[in-house]
Amino acid sequence: MNRRFATKFSFLFVVLALWQVLAGLQLWPNYLFPSPAEVLEVYTAGIADGTLLEATVSSLARLGVGYAISLLVGVPLGLIWGRSRLVQDTVGVLMIGLQALPSITWLPIALLWFGLSEMAVIFVVFMGAVWAIAIATRDGIQSVPANSIRSARTLGANSLFLTIQVLLPASLPSMITGMKLGWSFAWRSLMAGELLYYGVGLGQRLSQGRELNDMSLVVAVMIIIIVFGLIFERGVFQPLERRIREQFNLG
Amino acid sequence: MSIHLQNVSKAFSSRGASVQVLEHIELEVQRAEFVCLLGPSGCGKSTLLNLLAGFESPSSGTVIVNGRSPGQPAARAVLLFQDATLFPWLSVEDNVAFGLAAQQMPKPQRRRVAAEYLELVGLHDFRRAKVYQLSGGMRQRVALARALCLKPEILLMDEPFASLDAMTRDLLHEELQRIWLATKATIVFVTHNVREALILGDRVAVLRPRPGRIQRVFPVDLPRPRHFEDPGIAELARGVLHELRKAAH
Ligand SMILES: Nc1ncnc2c1ncn2[C@@H]1O[C@H](COP(=O)(O)OP(=O)(O)O)[C@@H](O)[C@H]1O
Ligand SMILES: [Mg+2]
């Protein structure tokens, strides 16, 4: 464990050192290839005047709200989708179609519906994540063995009890895959939405960086996104997956 | 009377064609009787149990379980499967208490009842274990405890011991006889194993395939508990086997 940590740390160090050396060679002008020091400067300045902090917080808030709504809608939707023939043959087909639509194409509609508000971007995030979650939940529900369902029924479970105690727990491994996929779709949708729509956020920082020819700002924002990606992967999804694996003894 | 099947037929339609799986099934099972359904695989044994459990309905004829149409809670029949169908995310005791939880029995009480039935099947020490830690035989015992703690009047068992090794099966035959004598449940037990049927059943109904019909019913008047090596079993087995061979043609 300690050795692995050392490996990771050394790797990060080597990457940073390489970056610094490359920047030091001055092969490209600074505004095209900033040095680590310049990026660090963006952070200190951005934290000092609060702009970068504010952007990060508002982006994460939109992401969090949009993603939470996707979960609240996607899981029940997938549940009904997996259980009901009627839904599979009607709305199901429609949902498969919608899922193929890049979520940013919802932005014009969202702007018309919600105006230039937070809700517009949140809606795009929601549209980005909800189908992956619903489809994975549906797949999970449909792969529950018929005998498990009959077993629960014969032991006297009603539909609600069956759903909560059997269908949902049995679908968890599939659902977690959908949640991860939904999370990455949510990020993409958020960035696309924020790049196009002006409001405080990381996406807006990115387009500002481009407009001001400030590459160090662009790189700084990209690193923030990478870091949060890692934090959620390592801090939320991996432990969740591990727990589910242990529960099911999938190895 | 516990179970009454009157001129029951069942056909499935698959890809446009209708397949007659059961035909003119007549069967009466008395309260606290142990009846085995014996037949080659594919002859409709599981379909028959599914009719009794209310998971399928007959194409014609009537099925009466505990004086009612099957599948209602009041019919008080529990179906057990060949794969124990335990829930791997629950501990052993929570698996056993599943049906009690469905009845909204409070947790301390259902833990107590579960412990009692785990004791009955000899797995009290494993109540905190996870399903994957159990052998196949232990899983079937847990499934049995899970059904028994609901105090069902009827147990429907679909080849529950078919995938177990011979030694474990012998042991479970003894246990099931003991438990049946203690609980006096009505049991309909499906198997394709002649000796198993004769060890367990008060009567053995031999089914013949395509379409599934009851070929002949053998009464088994041997003292209990019966064992695999009892001479009476071997003797009866010859006759039943002969009938089974006849049925296959
Ligand atoms: N839902 C179904 N649809 C179509 N055919 C079925 C269905 N269930 C069972 N069958 C057919 O009915 C026959 C009897 O099946 P089953 O009752 O499982 O037999 P057994 O339990 O005696 O092995 C088999 O040929 C099987 O293919
Ligand atoms: Mg079968």
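Chain B holds an open sheet of 6 strands in the order 5-6-7-3-8-9, with mixed pairing. Strands here are DSSP runs of E at least two residues long, helices are runs of H or I of at least four, and both are numbered from the N terminus; two strands pair if DSSP finds at least two bridges between them. This is a predicted model, where local features need pLDDT of at least 70, side-chain atom pairs count only at pLDDT 80 or more, and totals for chains, interfaces and linings use all residues. Residues are numbered from 1 along each chain as its sequence is written, chains are lettered from A and ligands numbered from 1 in the order written, and side-chain values use heavy atoms, leaving out hydrogens and water.

**The sheet**
- Strand 5 (77-80) and strand 9 (213-219) of chain B sit at the edges with a single partner strand each, so one side of each has no neighbour in the sheet.
- Strand 3 (residues 34-38) and strand 7 (residues 186-191) of chain B run parallel, joined by 5 bridges.
- B:Phe34 has B:Ile187 in strand 7 of chain B as its bridge partner.

**Cysteines**
- No luck if you're after disulfides (cysteine sulfur pairs within 2.5 Å): the whole structure has 0 over all chains.
- B:Cys36 can't bond to the closest cysteine sulfur, in B:Cys43, because the two sulfurs are 13 Å apart, too far for a bond.
- B:Cys36 is buried, at 0% relative accessible area, and B:Cys43 is buried too, at 1%.
- Buried means under 20% relative accessible area, exposed over 50%, and partly exposed in between, using a 1.4 Å probe and protein chains only.
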